[in-house]
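Colleague: Got a minute to walk me through this one? I have a handful of questions and would like the reasoning along with the answers.

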Amino acid sequence: MRGVIALVLLVCFVAAFVLTACDGDSPDPESAATPDSEVVVLAAASVEPVLQRIEQGLQERDAGLTLAAEYGGTSTLVSQIRSGRPFDVVITASRAHMGELVEDGHVSRDAYPVATNRLALVVPAENPAGVDSFDDFIAHADDLLTATCAPEVPCGELTRTMEEELGVEVHTDTEETSVSSVMTKVRMAEVDAGFTYITDARAAGDEVQVFEIPDFANNDTQIWAAIAAEPEDREAAEQLLTLVAGETGRTAFEEAGFLPPPAAEASSTD
C-alpha cells in the first residue's frame with residue numbers, strides 16, 4: 001500500500017513539474033507578436049495625403065497593417081502594371097484608366113469610386129506675373145510660362161477638356177508626368193502658372209495662390225480603387241480597400257479637400 005501511495009505521489013509530482021515547465025516556456029498565443037502585413041499600393045500622386053492619413057491611423061491603432069506606397073501619374077502607374085510591376089492595391093485618378101486595368105485583367109472587377117477631384121489654376125506665392133484671376137490668366141496666356149500635366153495623365157486630360165469646353169488656349173510650355181511635378185514647378189516659381197488639382201493646391205498652403213475655374217461644368221475627375229487580380233496578401237489588400245472605400249477613407253479624402261464620389265456611380269466599372 002505504501003508503495004502505491006508513493007508511486008501516486010511521484011506521478012503527481014512529475015506531472016506538476018511538466019505542467020509548470022510547459023507553462024513557463026510556451027508563449028501565450030494571445031500575446032504573441034504578429035508581424036505586420038505589408039500592402040503594396042500604387043496610387044495617383046494626388047492621393048498621397050489621403051493614404052498618409054490612413055496609414056497614421058493604422059499606426060496609432062497598431063492594426064498590424066503597413067503600407068508600401070508608390071505615387072505617380074496614373075498613366076505611368078498603369079504602364080508599370082502592364083509591364084509586370086507587382087502590387088496589391090491600385091488607386092487611379094480617373095475611371096477610364098481603372099477601366100483599362102479591369103479589362104486587361106490586372107485588377108479585380110470590383111473597382112470602386114472613392115472620391116472626386118477638380119482642376120484649379122495655381123501661381124507661385126509671390127505671383128511674379130501678377131495674375132489676379134483665371135480670366136486674367138487666359139487674357140495673358142501667350143506671355144506666361146505655364147505648366148500642365150501631359151495629355152495622357154488625368155489632370156492633363158482634364159486641362160484639355162477645359163480648353164475645349166471653354167474655348168480657351170492655355171499655351172503650355174512644359175508638360176509633366178504627374179500633378180505633383182506641376183505643383184513643384186509652381187512652388188519653386190519655375191513657371192508663372194500651372195494647372196493642378198484643387199487638393200494639391202490646398203495642400204501647398206501659402207506656397208501658392210489658387211484660382212477657381214469659372215463656368216467649367218465638367219470640371220471633375222473620379223478617384224477609383226481596386227485590388228490586384230493576384231495580390232500577395234489578399235486578406236490584407238481587402239482590409240485596406242475596405243478602409244479606403246469606407247468611412248475611414250471618406251473622412252481622409254474629405255480632410256484632404258476631395259469631394260465625394262458621384263452618388264449615381266455604380267460600384268464597379270462594368
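**Sheet, helices and rings**

Colleague: Before we start, what kind of model is this?
Modeller: Local features are taken up if their pLDDT is at least 70, and side-chain atom pairs count only at pLDDT 80 or more. That is because the model is predicted.

Colleague: Which strands stand at the edges of the open sheet of 5 strands?
Modeller: The order is S7-S6-S8-S5-S9, and the pairing is mixed. An edge strand has a single partner strand, so one side of it is left without a neighbour in the sheet. That applies to S7 (174-176) and S9 (208-211).

Colleague: And what is the average turn between neighbouring strands there?
Modeller: Ignoring direction, neighbouring strands of this sheet are turned against each other by an average of 35°.

Colleague: Which residue in S7 is the bridge partner of cysteine 149?
Modeller: S6 covers residues 146-149 and runs parallel to S7, with 3 bridges joining them. For cysteine 149, the partner in S7 is glutamate 176.

Colleague: At about what angle does H7 run to S8?
Modeller: H7 (residues 179-187) lies across S5 (119-124), S6, S7, S8 (193-197) and S9. Its angle to S8 is about 140°.

Colleague: On to H2. How far apart are its end C-alpha atoms, and what should the helix span?
Modeller: H2 has 14 residues (48-61), which at 1.5 Å a residue should span 20 Å. The model agrees, because the end C-alpha atoms are 20 Å apart.

Colleague: What arc do the buried residues of H2 cover?
Modeller: Buried in H2 are Val50, Leu51, Ile54, Gly57 and Leu58. An α-helix has 3.6 residues a turn, so residues three or four places apart point the same way. On the other side of H2, Gln59 and Glu60 are exposed. The buried ones are on the same side of H2, because the arc they cover is only 120°.

Colleague: What do those buried residues of H2 pack against?
Modeller: Among the partners are three strands, S1 (37-44), S2 (65-72) and S3 (89-92). The helices they pack against are H9 (234-245) and H10 (247-255).

Colleague: What is the phi of the residue that follows H2?
Modeller: Aspartate 62 follows H2. Its phi is positive, near 50°.

Colleague: Let's turn to H10. Which of its residues are exposed on the side away from the buried ones?
Modeller: Gly249, Ala252 and Phe253 are the buried residues of H10. They cover an arc of only 100° around the axis, so they sit on the same side of the helix. Those buried residues pack against H2, S4 (112-117), S10 (221-227) and H9. On the other side of H10, the exposed residues are Glu247, Glu254 and Glu255.

Colleague: Why is the pair of phenylalanine 137 and phenylalanine 195 called edge-to-face or stacked, whichever it is?
Modeller: The structure holds 3 aromatic pairs. In this one the ring centres are 5.5 Å apart and the planes stand at 75°, and planes over 60 degrees apart count as edge-to-face. Phenylalanine 137 is in H5 (residues 134-139) and phenylalanine 195 in S8, 58 residues apart. So the pair is edge-to-face.

Colleague: Which residues make up the ring cluster?
Modeller: Phenylalanine 137 and phenylalanine 195 are both buried. Ring pairs link them with one further residue, giving the cluster Phe134, Phe137 and Phe195.

Colleague: Last one: what is the angle between the planes of phenylalanine 253 and phenylalanine 258?
Modeller: Both residues are buried. They form an edge-to-face pair at 5.1 Å centre to centre, and the angle between the planes is 85°.

Technical notes: Residues are numbered from 1 along each chain as its sequence is written. Side-chain values use heavy atoms; hydrogens and water are left out. Two strands pair if DSSP finds at least two bridges between them. Helices (H or I, at least four residues) and strands (E, at least two) are DSSP runs, numbered from the N terminus. Axes are lines fitted to C-alpha atoms, for helices over the stretch in contact, and angles run from 0 to 180 degrees between N-to-C directions. Contact means heavy atoms within 4.5 Å. The expected span of a helix is 1.5 Å times one less than its number of residues. Buried means under 20% relative accessible area, exposed over 50%, partly exposed in between (1.4 Å probe, protein chains only). The arc is that of the directions from the helix axis to the C-beta atoms. Rings of Phe, Tyr and Trp (its six-membered ring) pair if their centres lie within 6.5 Å; planes under 30 degrees apart count as stacked, over 60 as edge-to-face and the rest as tilted.
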